[in-house]
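Hi everyone, thanks for coming. I'd like to walk you through one structure today, starting with the whole chain and then moving in on a few residues.

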Amino acid sequence: QVQLVESGGGLVQAGGSLRLSCVVSGSIFSSNDMYWYRQAPGNQRELVASVTSRDSTNYADSVKGRFTISRDNAKATVYLQMNSLKSEDTAVYSCRAEGLSRRGIRFVSWGQGTQVTISS
């Protein structure tokens, strides 16, 4: 019922920037906590950044100072601005939403993921 659609992935050179977007439908977006995860082949999935319904943010140590998570409640969209990209940032990035659907049911939903590849 709750759907997430990511976009913005692609190829970029080391030191460059990308902005990922995740559009959420079927939920009361402003009440949702939002998360960006990433997973590279052979690696564990890791939490990259989060933003709560109260707009509090947290970041993995590996991306602090380089990545910024933000949300636009009017557009039901969460963003991940990625700057100073490194080869180690290469991964599939996935968006996660947690909260209440428009039917008042608690949920956790994931997007399909978008590939980010950093060239050296």
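I'll begin with the overall fold, then turn to a hairpin and finish at a single lysine.

Before anything else, please keep in mind that this is a predicted model.

So, what secondary structure does the protein have? There are 11 strands and zero helices. Reading from the N terminus, the order of elements is simply β-β-β-β-β-β-β-β-β-β-β.

Now for the dimensions. The C-alpha trace spans about 45 × 25 × 25 Å along its principal axes. The radius of gyration is 14 Å, and this agrees with a compact globule, because for 120 residues one would expect a value near 14 Å.

What about the interior? Of the 120 residues, 44% count as buried. If you take the contacts with a separation of 6 or more, 54% of them are between residues 24 or more positions apart.

On the outside, the protein exposes about 6500 Å², and carbon and sulfur atoms supply 45% of that area. As for charge, there are 13 positive and 9 negative ones, and their mean positions are 5 Å apart.

Let's move to the hairpin of strand 9 and strand 10. Strand 9 covers residues 91-100, and it runs antiparallel to strand 10, with five bridges joining the two. One pair to look for on your screens: glutamate 98 has valine 108 in strand 10 as its bridge partner. Between the strands of this hairpin there are five residues, and glycine 104 adopts a positive phi there, near 80°.

Which side chains of strand 10 are buried, and which are not? Strand 10, residues 106-110, has an alternating pattern. Phe107 and Ser109 point to one face and are buried. Arg106, Val108 and Trp110 point to the other face and are not buried. So the valine that pairs with glutamate 98 is on the face that is not buried.

My last stop is lysine 86. You'll find it in the loop between strand 8, residues 77-82, and strand 9. Is lysine 86 buried, exposed or partly exposed? Its relative accessibility is 37%, so lysine 86 counts as partly exposed. Leaving aside residues up to four places away in sequence, lysine 86 touches Arg66 and Ile118. And for a sense of distance, the C-alpha atoms of lysine 86 and glutamine 115 are separated by 14 Å, with the two residues 29 apart along the chain.

That's my tour, and I'm happy to go back to any part of it.

Terms used: Residues are numbered from 1 along each chain as its sequence is written. This is a predicted model: local features need pLDDT of at least 70, side-chain atom pairs count only at pLDDT 80 or more; totals for chains, interfaces and linings use all residues. Side-chain values use heavy atoms; hydrogens and water are left out. Helices (H or I, at least four residues) and strands (E, at least two) are DSSP runs, numbered from the N terminus. The radius of gyration is taken over C-alpha atoms; the globule rule is 2.2 Å times the number of residues to the power 0.38. Buried means under 20% relative accessible area, exposed over 50%, partly exposed in between (1.4 Å probe, protein chains only). Contact means heavy atoms within 4.5 Å. Accessible areas come from the Shrake-Rupley method with a 1.4 Å probe; for residues, only the protein chains shown count as cover. Lys and Arg count as positive and Asp and Glu as negative; His and the chain ends are not counted. The place of a charge is taken as NZ of Lys, CZ of Arg, CG of Asp or CD of Glu. Two strands pair if DSSP finds at least two bridges between them.
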